[in-house]
Every structure is written in structure tokens, then in C-alpha cells.
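Biologist: Could you teach me how to read a protein model, one feature at a time?
Modeller: Gladly; let us put it on the screen.

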Amino acid sequence: MATDYDTPRKTDDDLNEDSIEELKARRNDKSAGPVDIEDFDGAETMDLPGADLSGEELSVRVLPRQADEFTCMSCFLVHHRSQLSHEKDGQPICRDCA
């Protein structure tokens with residue numbers, strides 16, 4: 001028997017999909033409760049790119065580099081000594097940058 005490979009194939013997911021009538025009935029079903037928009041505060045706390053944050057204060061405590069840490073001279077991030085790959089011209093390089 002010849003097979004037409006250009007025809008769309010039905011998978012198990014396609015066979016288990018609901019009929020259009022069932023989907024319409026579900027959409028019109030009013031048993032789902034209304035969405036409470038007042039409880040959503042996400043838009044108020046979202047910062048947009050390029051927003052003026054000059055009036056904001058940072059509430060993070062900055063610790064100085066510890067004795068078992070180093071600053072990678074490629075990415076300029078502070079890493080633990082276990083992340084040290086090698087030193088290039090006397091400058092430490094982390095494993096991520098190596």
C-alpha cells in the first residue's frame with residue numbers, strides 16, 4: 001500500500017483533543033469564577049527598562065572580598081578559589097572564562 005508522506009499525521013495528542021463543540025461549551029461555561037483584578041499588584045512593582053531609578057535606594061549589604069575569593073580579570077566577577085582556572089600574566093582567570 002502506498003503512503004502519502006505529505007499528509008498531516010495524527011498523533012495520540014490529536015486524537016485526544018476535544019471536539020469544537022465541547023470547547024465552545026467549556027468557553028461559555030460560567031462556572032469558572034471571575035478574576036479578581038484588584039489583587040494583582042504585578043504592574044505596580046514592575047520596572048521598565050530605561051526607567052529613572054535615581055530616587056531609589058539600594059538595600060543590599062556589600063561585603064568586601066574574602067580571603068578565599070578572587071576577582072577574575074576577564075569577567076571581573078568575584079569567585080571562590082575553587083573556581084580559579086589559571087593565572088595569565090599574574091592575573092587570575094576563572095573556569096568560566098578559561
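What follows is a walk from the overall layout down to single residues.

Modeller: One thing to keep in mind is that this is a predicted model.

Biologist: Where do I start: which elements does the chain have, and in what order?

Modeller: The chain has three helices and four strands. Read from the N terminus, the order is α-α-α-β-β-β-β.

Biologist: And what share of the chain is buried?

Modeller: Of the 98 residues, 7% are buried. About 9,600 Å² of the chain is exposed, and carbon and sulfur atoms supply 51% of that area. For contacts, take those between residues at least 6 apart in sequence: 4% of them join residues at least 24 apart.

Biologist: How should I look at a pair of strands?

Modeller: In a regular strand, side chains alternate between the two faces of the sheet. Here, strand S3 (residues 84-88) pairs with strand S4 (residues 91-94) in the antiparallel sense, over four bridges. Glu87 stands opposite Pro92 in S4.

Biologist: What is the phi of Asp89, in the hairpin of S3 and S4?

Modeller: The general idea is that most residues other than glycine have a negative phi. Asp89 has a positive phi, near 55 degrees, in a hairpin with two residues between the strands. Asp89 counts as exposed because its relative accessible area is 75%, over the 50% cut-off.

Biologist: Where does Phe76 lie, and what is its phi?

Modeller: Phe76 sits in the loop between S1 and strand S2 (78-80). The phi of Phe76 is positive too, near 60 degrees. With a relative accessible area of 56%, Phe76 is exposed.

Biologist: Let us turn to the strands' own residues. Is Ile93 buried or exposed?

Modeller: Ile93, in strand S4, is buried, because its relative accessibility is 9% and the cut-off for buried is under 20%. Leaving out residues up to four places away in sequence, Ile93 touches several others, including Phe70, Met73, Leu84, His86 and Ala98. Cys72 is another residue that Ile93 touches; the two are 21 residues apart in sequence, yet their C-alpha atoms are 4.9 Å apart.

Biologist: And Thr71: which residues is it in contact with?

Modeller: Thr71 lies in strand S1 and is buried at 18% relative accessible area. Beyond its neighbours within four places in sequence, Thr71 is in contact with Arg65, Phe76, Leu77, Val78 and Pro92. Phe76, the exposed loop residue we just met, is therefore one of the contacts of a buried residue.

Biologist: How many disulfides does the structure hold?

Modeller: Zero. Cys75 is in no disulfide, and its nearest cysteine sulfur, in Cys72, is 3.7 Å away. Cys75 is partly exposed, with 28% relative accessibility.

Biologist: Why is there no bond from Cys97 to Cys94?

Modeller: Because the Cys97 sulfur is 3.6 Å from that of Cys94, its closest cysteine sulfur, which is too far; a disulfide needs the sulfur atoms within 2.5 Å. Cys97 is partly exposed, at 32% relative accessibility.

Biologist: Last one: which residues form a nonpolar patch on the surface?

Modeller: Leu58, Val60 and Val62 do, and together they have about 370 Å² of accessible area. Leu58 is in the loop between helix H3 (42-45) and strand S1 (69-71). At 75% relative accessibility, Leu58 counts as exposed.

Methods. Residues are numbered from 1 along each chain as its sequence is written. This is a predicted model: local features need pLDDT of at least 70, side-chain atom pairs count only at pLDDT 80 or more; totals for chains, interfaces and linings use all residues. Side-chain values use heavy atoms; hydrogens and water are left out. Patches are made of residues with over 30% relative accessible area and no salt bridge: like charges are joined within 9 Å, nonpolar side chains (Val, Leu, Ile, Met, Phe, Trp, Tyr) within 5 Å. Accessible areas come from the Shrake-Rupley method with a 1.4 Å probe; for residues, only the protein chains shown count as cover. A salt bridge is a side-chain nitrogen of Lys or Arg within 4 Å of a carboxyl oxygen of Asp or Glu. Buried means under 20% relative accessible area, exposed over 50%, partly exposed in between (1.4 Å probe, protein chains only). Contact means heavy atoms within 4.5 Å. Two strands pair if DSSP finds at least two bridges between them.
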